[in-house]
Amino acid sequence: MINSRIEKIYTSKFFKEDFECRRCLIPATAFFEWNKNNKDKYRLTVANQQIFSIAGIFREYKSQETSIRHVSMLTTEAKGLIAEIHTRMPIILPQSFEQTYFHGENSKEIHEFLLDNFINLDMENLSDSQLTFL
């Protein structure tokens, strides 16, 4: 799964252990969202931060031949300006909370913090010609 809903972390056996034991930081410079109503495209960034962290969880699968790590970004109900274009958004961590998220042992307190806090984002409306993906 690419996205995991923070609201359902503790009601899903699949994600609960990952959130309690395998949290990770997903570095980003921006992310993209499409308005479901009119198909406008937006590039979203954090003001005054070139790189920011999105809250994530991971799980590792091992076999005799290989080891694969699957990462899932945590999402929440859209807040602020994003709510005008989409129903969900990734959970972007304040820099001051990154170490607590990554190393903290009290997953219930971390969960509550993520439910109650969000970072306002800058949105740039893009044309199709401005979008390039590798």
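Strands here are DSSP runs of E at least two residues long, helices are runs of H or I at least four long, and both are numbered from the N terminus. With that in hand, lysine 39 can be placed in the loop between β3 and β4. Bear in mind throughout that this is a predicted model. Below is a quick tour of its aromatic rings, its empty spaces and a few residues worth clicking on.

**Aromatic rings**

- How many aromatic pairs does the model hold? The count comes to 3.
- One of them joins tyrosine 10 and phenylalanine 19, whose planes stand at 85° with the ring centres 5.9 Å apart; edge-to-face starts over 60 degrees, so that is the label this pair gets.
- Tyrosine 10 and phenylalanine 19 are both buried.
- Phenylalanine 19 also pairs with tyrosine 101, with 6.4 Å between the ring centres and 55° between the planes, so this one is tilted.
- The pair of phenylalanine 19 and tyrosine 101 ties together distant parts of the chain: phenylalanine 19 belongs to helix α1 (residues 13-21) and tyrosine 101 to helix α2 (residues 98-103), 82 residues apart.
- Tyrosine 101 is buried, and phenylalanine 19 is too.
- Taken together, ring pairs link Tyr10, Phe19 and Tyr101 into a cluster.

**Arginine 23 over the rings**

- Arginine 23 has its charged end over the ring of phenylalanine 19, 5.6 Å from the ring centre.
- The charged end of arginine 23 also sits over the ring of tyrosine 101, again 5.6 Å from the centre.

**Closed cavities**

- Rolling a probe the size of a water molecule over the atoms shows where empty space is left.
- Searching the whole structure turns up 3 cavities of 30 Å³ or more.
- What is the volume of the largest cavity? The figure is about 40 Å³.
- Lys79, Gly80, Leu81, Ile82, Met89, Ile119, Asn120, Leu121 and Met123 line the largest cavity.
- By residue class, the lining of the largest cavity splits into 6 nonpolar, 2 polar and 1 charged.

**Leucine 81, from the cavity lining**

- Leucine 81, one of the residues lining the largest cavity, is found in the loop between β6 (67-77) and β7 (88-90).
- Is leucine 81 buried, exposed or partly exposed? Its relative accessibility is 43%, and partly exposed runs from 20% to 50%, so leucine 81 counts as partly exposed.
- Setting aside neighbours within four places in sequence, leucine 81 is in contact with Leu121 and Met123.
- Leu121 and Met123 are also among the residues lining the largest cavity.
- Leucine 81 and alanine 30 are 51 residues apart along the chain, and their C-alpha atoms are separated by 15 Å.

**The largest pocket**

- The largest pocket holds about 310 Å³ of space.
- Its lining comes to 18 residues, with Asn3, Ser4, Met73, Thr75 and Arg88 lying nearest the pocket centre.
- Which strands each supply at least two residues of the lining of the largest pocket? They are β1 (3-5), β3 (31-34), β6 and β7.
- The lining of the largest pocket divides into 9 nonpolar, 5 polar and 4 charged residues.

**Two buried strand residues**

- Threonine 76 sits in strand β6, and with a relative accessible area of 4% it is buried.
- Beyond neighbours within four places in sequence, threonine 76 is in contact with Ile6, Glu7, Thr87, Arg88, Met89 and Ile91.
- Lysine 41 lies in strand β4 (residues 41-45).
- Why is lysine 41 called buried? Its relative accessible area is 17%, and buried means under 20%, so lysine 41 makes the cut.
- Lysine 41 and leucine 126 are 85 residues apart along the chain, yet 5.4 Å separates their C-alpha atoms.

**Positive phi in loops**

- Most residues other than glycine have a negative phi.
- Lysine 39, not a glycine, has a positive phi of about 65°.
- In that loop between β3 and β4, lysine 39 counts as exposed at 56% relative accessibility.
- Asparagine 48 is not a glycine either, and has a positive phi of about 65°.
- Where is asparagine 48? Look in the loop between β4 and β5 (52-62).
- Asparagine 48 has a relative accessible area of 84%, and exposed means over 50%, so asparagine 48 is exposed.

Terms used
Residues are numbered from 1 along each chain as its sequence is written. This is a predicted model: local features need pLDDT of at least 70, side-chain atom pairs count only at pLDDT 80 or more; totals for chains, interfaces and linings use all residues. Side-chain values use heavy atoms; hydrogens and water are left out. Rings of Phe, Tyr and Trp (its six-membered ring) pair if their centres lie within 6.5 Å; planes under 30 degrees apart count as stacked, over 60 as edge-to-face and the rest as tilted. Buried means under 20% relative accessible area, exposed over 50%, partly exposed in between (1.4 Å probe, protein chains only). A charge sits over a ring if NZ of Lys or CZ of Arg is within 6 Å of the ring centre and within 35 degrees of the ring normal. On a 1 Å grid over the protein atoms alone, a cavity is a set of points where a 1.4 Å probe fits but cannot get out, and a pocket is an open set with protein on both sides within 12 Å along at least five of seven lines; lining residues have an atom within 4 Å of a point. Grid points are joined across faces, edges and corners, and a volume is the space filled by probe spheres set on the points. Ala, Val, Leu, Ile, Met, Phe, Trp, Tyr, Cys and Pro count as nonpolar, Asp, Glu, Lys and Arg as charged, and the others, Gly among them, as polar. Contact means heavy atoms within 4.5 Å.
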